[in-house]
Amino acid sequence: MPVEASLIQILACPACHAPLEDRTDADPAELVCTSADCGLGYPVRDGIPVLLVDEASRPA
């Protein structure tokens with residue numbers, strides 16, 4: 001389930017405060033930090049972004 005574009009525009013990475021990129025069409029659905037230094041991926045469960053650093057996936 002995609003996250004509304006207006007919500008993504010105001011959300012930021014909790015770790016570094018960079019904007020997030022919508023990758024809810026991928027599997028697994030997530031919002032990914034756009035910072036080259038951070039790059040954490042935050043899961044989206046039932047259309048709700050889980051913006052907890054402990055729940056984020058590290059970049060490959």
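P28 is placed in the loop between β1 and β2, and the peptide bond that leads from D27 to P28 is cis in this predicted model, with omega near 10 degrees. Most peptide bonds are trans, and most residues other than glycine have a negative phi. The loop that holds P28 also contains T24. T24 counts as buried because its relative accessibility is 13%, under the 20% limit. The side chain of T24 makes a polar contact with the side chain of D22, at 2.7 Å.

**The hairpin and the sheet**

The strands on either side of this loop are β1, residues 20-23, and β2, residues 30-33, which pair in the antiparallel sense over 4 bridges. Together β1 and β2 form a hairpin, with 6 residues between them. Within this pairing, D22 stands opposite L31 of β2. D22 is therefore a residue with two described partners: L31 across the strand pair, and T24 through the side-chain polar contact, T24 itself being buried at 13% relative accessibility.

The hairpin belongs to an open sheet of 4 strands, whose order is β1-β2-β3-β4 and whose pairing is antiparallel. Its edge strands are β1 and β4, each of which pairs on one side only. Strands of a sheet pair through backbone hydrogen bonds, either parallel or antiparallel. At the β4 end of the sheet, β3 and β4 run antiparallel and are joined by 2 bridges. V44 has P49, in β4, as its bridge partner.

**Salt bridges**

How many salt bridges does a search of the whole structure find? The search finds 2. They are set out below with the separation of the closest N and O atoms.

| Acidic residue | Basic residue | Closest N and O atoms |
|---|---|---|
| E21 | R23 | 3.3 Å |
| E55 | R45 | 2.9 Å |

E55 lies in the segment after β4 (48-49), whereas R45 is in strand β3 (residues 41-45), so this pair ties together parts that are 10 residues apart in sequence. E55 is partly exposed, with a relative accessible area of 37%, and R45 also counts as partly exposed, at 42% relative accessibility. In the pair formed by E21 and R23, E21 is partly exposed with a relative accessible area of 36%. R23 is likewise partly exposed, its relative accessible area being 36%.

**The nonpolar core**

In soluble globular proteins, nonpolar side chains tend to be buried together. The largest nonpolar core of this model comprises 14 residues, and those with the most contacts inside it are C13, L20, L31, C33 and Y42. Two or more residues of this core come from each of β2 and β3.

Which residues are in contact with Y42, leaving aside its neighbours within four places in sequence? They are C13, P14, A15, L20, A29, E30, L31, V50, L51, L52, V53 and A56. This list includes C13, L20 and L31, which are among the residues with the most contacts inside the core. L31 also takes part in the hairpin, where it stands opposite D22.

L20 has a further spatial relationship, with Q9: the two are 11 residues apart in sequence and 7.9 Å apart in space, C-alpha to C-alpha. Q9 is found in helix α1 and counts as exposed, at 69% relative accessibility.

**Backbone geometry in the loops**

Two loop residues other than glycine carry positive phi values. H17, in the loop between α1 and β1, has phi near 70 degrees. D46 has a positive phi of about 55 degrees and is placed in the loop between β3 and β4.

Are H17 and D46 buried or exposed? H17 counts as exposed because its relative accessibility of 63% is over 50%. D46 counts as exposed as well, with 73% relative accessibility. T24, in the loop between β1 and β2, counts by contrast as buried, at 13%.

**Confidence of the prediction**

The chain averages a pLDDT of 92, and 98% of the residues score at least 70. Among the elements of the chain, the lowest mean pLDDT, 89, belongs to helix α1 (residues 5-10), while the highest, 96, belongs to β2. β2 is thus the element with the highest mean pLDDT, a partner of β1 in the hairpin, and one of the elements giving two or more residues to the largest nonpolar core.

Conventions:
Residues are numbered from 1 along each chain as its sequence is written. This is a predicted model: local features need pLDDT of at least 70, side-chain atom pairs count only at pLDDT 80 or more; totals for chains, interfaces and linings use all residues. Side-chain values use heavy atoms; hydrogens and water are left out. Two strands pair if DSSP finds at least two bridges between them. Buried means under 20% relative accessible area, exposed over 50%, partly exposed in between (1.4 Å probe, protein chains only). A polar contact is a pair of N or O atoms within 3.5 Å; within protein, one must be able to donate a hydrogen and the other to accept it, and residues adjacent in sequence count only if both atoms are side-chain atoms. A salt bridge is a side-chain nitrogen of Lys or Arg within 4 Å of a carboxyl oxygen of Asp or Glu. pLDDT is the predictor's confidence in each residue, from 0 to 100. A nonpolar core is a set of buried Ala, Val, Leu, Ile, Met, Phe, Trp, Tyr and Cys residues joined through side-chain atoms within 4.5 Å. Contact means heavy atoms within 4.5 Å.
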